[in-house]
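Colleague: I'd like a close look at one part of this model, a place where two helices pack together. Could you walk me through it, and then add a few words on a pocket?

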Amino acid sequence: MAQTDMDSGEDGGGGGEPEVIAKTSVLGGFTESTEIRALISSLPVVHENIVTLESAIERFLVIMDRYQEQPHLLDPHLEWMLNLLLELIRSEQSPPLLVHLGFKFLYIISKVRGYKIFMQLFPHEVADVQPVLDLLCRQDPRDPETWETRYMLLLWLSMTCLIPFDLSRLDGHLTSDPSQTREPIMDRILAIAKSYLMVTDKSRDAASVLVSKFVTRPDVKLKRLGDFLDWSLTTISQASDQTMGGTVILDGALQSLAQLFKHGKRDDFLQYAPVVLQCLDQCHVAESSQATLRKLGVKLVQRLGLTFLKPRLAKWRYQRGSRSLAANLSLSQSGSTVQAVSPDMETQSQEEDYDIPEEVENVIEQLLGGLKDKETIVRWSAAKGIGRVTGRLPRELADEVVGSVLDCFSFQETDNAWHGGCLALAELGRRGLLVPSRLPDVVPLILKALVYDEKRGACSVGSNVRDAACYVCWAFARAYEPTELKPFVTQIACALVITAVFDRNINCRRAASVSDHSVSVSGTFPYGIDIVVAADYFAVGNLNNCYLSISVYIASFPEYTRPMIDHLVAMKINHWDGVIRQLATKALHNLTPQAPDYMATTVMPQLLPIALGIDLHSRHGAILASAEISHALYKLANQNNRYCHLTSQPANHTIGHQYVVRPQQIFVVVVVSCLCRGFGGELMRPAVCSLIENMSLSKMPFKDDPVITGWQWLIDDTLKSLHLISPGPRDGIKVQYKVLVSQYIAGLKSTEVLTRCGSALALGSLPRFMIHGKLHQILSGLQQSCSQREVCFTEARRDAAKAMAQVCVTSGVSAQGGSDSVVCEGNVSAVYGALLDCMTDYTLDSRGDVGAWVREAAMTSLMEVTLCVVGTAPQLLSPDLVNGMMCSLAQQSAEKIDRYRAHAGSVFVRLLHSNNPAVPHIPHREELLAIFPTEGAEGLNWNAPSQAFPHITQLLRLPQYQYHTLLGLTVSVGGLTESTVRFSSQSLFDHLMLIQQDAAALGQFSETLLHVFRDNLRNDRYTHTHTHTLLHVFRDNLRNDSHQFCVDLLSLCKEEIKKSKDTQKLRSAIAVFCGLIQFQGEVRKKVLFQLLLLLCHPFPVIRKTTASQVYEMLLTYDDVIDPDVMDDVMTSLSDTNWSVESGDRNSISP
């Protein structure tokens, strides 16, 4: 078995979805045949034990499911598997459970290979009829555990019905004894089939197969066909689809009729077809609320239509080449081609000279109605029916059918009609029933279907239409000669490329990519091979890659440049999904170098009216597009001088005035019209800020323009309402920068959290010239903002921590500089102090651990500031600063939340391995490099507890890191996530086992543990549910000489639960007390005294918990109390009702 790794992508409309590695297995054969043989042979043994039985079934399922996509590999092995299982089934020694197990295995095989092929292998001799029928009669149709047995028996009986002898011969021996009255086999089988057509399980499907095989027999057909059809029509007429039972009955009857008209001879069923069609019309099956019934109704109607029409192959159909593979291969080797077959008019007139029954019109009308059904399975069945029936019609009538199908492509129709119409066109084209003369009418509709997207509320429908349109293109490419498609190939190619690159739905992109490949094979697809290689099935899986990379490559071919740009402007910048709008504008930015003149003279003028329109999404997308295109044009003009004639100034200074004015107009009108306020302001404000940013980066000639004042007003107003800030028009506001800085610093003290966030991010985005001379005020304001621990200002603290690093990096570092201009000796300690203080933020609210946002920002900021300082003036970093930073990172690397543990670990390792230059004064650098070697650190997955904690616990050996690492592990060991608790506990246990023989190391660890407990006394984060778990792990590794540790631990536990009403904390203390009972002497007496007090606790749940755990403790440690009173004590603990609030309780004394 060869395995190939292929790139894929997840899709949900998001632009940032990661590339996913999809593993597809290409199997070379049935390699598990030996294991399967052993599994089947072991069934007589394993079926007696439920555990081994379930294990065998599960293993068989796993093996067989691997061949779902390549079931033909099982073909050489089907016969011996069937024989082995039938041997178990036929054996008289096999109990019923083993028989059902054998049929279950047979069903699993048939499910993978398909019942149509697998049922042909069943033995179907005359001798098999009676045993199979008798076994089926003994089954309970209502038993839900054995439905596989009934299903396979019905299929087996279907094959035995094919014996070429009259069934009455098998009834000959029944008449020899007149006292016995038994039904003929024919009636028994028919009764069985009818009964199983009404069951609720899958046996109903097998019963319909049995009917199709049995009733179409020559002897049964003569005697029972009419009666069975009468029974079926009566059943359909009397049943109601409004009940579950009626739905099941209708399903079975319709299935059986569809199978009969499919497999029966036309001459036998033609006389019954009008009656059946009339019954369907009267019962209104097409209007049923059940999709399955409507599908079966459509399937039966198309079979009736084929019965009305003579079975013939239309001579007028379009045929591409020869229908012989050998002929095609010989012609391709000789270099000649086969022309499409077009019969002469005389042959066509002779072929079409026959009458068409009136009922065919009704059939076609119902099939056309099925194309508009709301369920895909009904539409797909109707489309196949249209193709089959049309193939038997004369050319004129067939053309009318095609015209009716084209009527589905009206914008008055729903997306269901468009989808059904596409499926029908694909079927007609694939069968050669859509003549080339119809292509000018069909191709424009398919091009519309490829971009069909109808908005419904907050989303849109139409992905199924676009997918079906890709299927039509694929079918046309295979059905028609390249010369027939040549007039349309450029349009189709552009539409398919646009769908493959820009469609929101991943299935549509991949369908278009496959269709691209089929069209390119014809040789007329412009640059087909290059595009197919770039936009293959797996490459188009990632939406970001499609919009930002593949589109640029394809747009380099001139045939596709303008159609792609026009599609983005017309369909994507106004899309309902904001991610698509943003990606579309970025794609326009990337495509601008391919057609700069077109962008400047055609696209930009189109965007102004859209940006001022009434549709919010269109305005948003148009403003973003104007910003991106303006910036792209500036960068292009700045790179070379070939667009100098478009500009009023030199190319390396600015861009053309004729499209510079348009973004300015957009800004002025948007602001004046107050489009940034009220509903939609959340979208419009970021868009206009992006426009300001891109115009500033493009160095627009607005130096003394009044628009600058408008820019600043919008930015200031946005800072008060949205969590957003763009770098802004820096060159145009130099005169006011002192006022701005003071304004932003004052905003850090606002009572509105969003104003604080905006002001902090604004300070972080300021350029260096604005920070110069104001650094001390800025850092002081940010430090003060970081230190305010109110829950409502969590986001403000996070953004202040981010801004602090941005300000430090922007201002630069200098050991001899002033503290008001650069990071220097006078302010570096304050910066690190504020960030390290943020690392201790564990604020909780209804959203959970929101303090983690602050800690994550502080970790990132510490890394950025440290790398900046190290690169310029490493002497500013004192040992205390570096020690505090690394210890805090070690603590975060040991905590329970995967995301923040991973971030802390990556920052820790990056600082450790930084060598350009290296971070000075890192404690235990050599030992850390041994734990996290350079070559293995990149492959360490910090998100996985199984990988992270074995490395983290090694820091417990290093004195400088022991306290903080243990502090983080305390939280992880007592966490809620099973994997985190398991791997952190196991890693800690492994460390304790490692130091168990080292008295000094064990003593130091004990002291550190007590230190952690003492420092966090009454801190519920550590003692509420977590510390007792850590103590349990440690308890099992103590020795009797740890007396002082036990005394201190007992004292701390007593202090922790003093006057506490927290039942969870009290339960934790009970567990610790019971663990400490193993140590004799004074400690044991104090522990027993505490337990006795807890037995008298006011809370019943605490009394019950204490009694239960003391009972277990006495069973474990039998030397705790005097053996003479042990029985009395145990009886008191077990028999006393500890839930009683008051009353007599037996006293217990040690």
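**A helix pair, then a pocket**

Modeller: The crossing of α39 and α41 is left-handed. Bear in mind that this is a predicted model. The residues that touch are Leu779, Gln783, Cys786 and Ser787 on the α39 side, and Ala830, Val831, Ala834, Asp837 and Cys838 on the α41 side. Sorted by class, that contact has six nonpolar residues, two polar ones and one charged one.

Now the geometry. Two packed helices are described by the angle between their axes and the distance between those axes. Here α39 covers residues 775-787 and α41 covers residues 828-838; they pack at an angle of about 20 degrees, with the axes 9 Å apart. Angles under 35 degrees count as roughly parallel, so α39 and α41 are roughly parallel to each other.

On to the pocket. The second largest pocket holds about 730 Å³ of space. It is lined by 30 residues, and the closest to its centre are Tyr115, Lys116, Val209, Gln255 and Gln259. Several helices each supply at least two residues of that lining: α6 (115-118), α8 (147-160), α10 (203-214), α12 (244-263) and α15 (291-308). The one that gives the most is α10, with seven residues. As for chemistry, the lining of this second largest pocket divides into twelve charged, ten nonpolar and eight polar residues.

Conventions: Residues numbered from 1 in each chain as written. Predicted model: local features only at pLDDT ≥ 70, side-chain atom pairs only at ≥ 80, totals over all residues. Heavy atoms only, no water. 1 Å grid on protein atoms, 1.4 Å probe; cavity = no way out; pocket = protein on both sides within 12 Å on 5 of 7 lines; lining within 4 Å. Points joined across faces, edges and corners; volume = space filled by probe spheres on them. Helix = DSSP H or I, 4+ residues; strand = E, 2+ residues; numbered from the N terminus. Nonpolar A, V, L, I, M, F, W, Y, C, P; charged D, E, K, R; others polar. Axes fitted to C-alpha atoms, helices over the stretch in contact; angles between N-to-C directions. Parallel < 35°, antiparallel > 145°, perpendicular 65-115°, else oblique. Left-handed = near helix turned anticlockwise from the far one by under 90°. Contact = heavy atoms within 4.5 Å.
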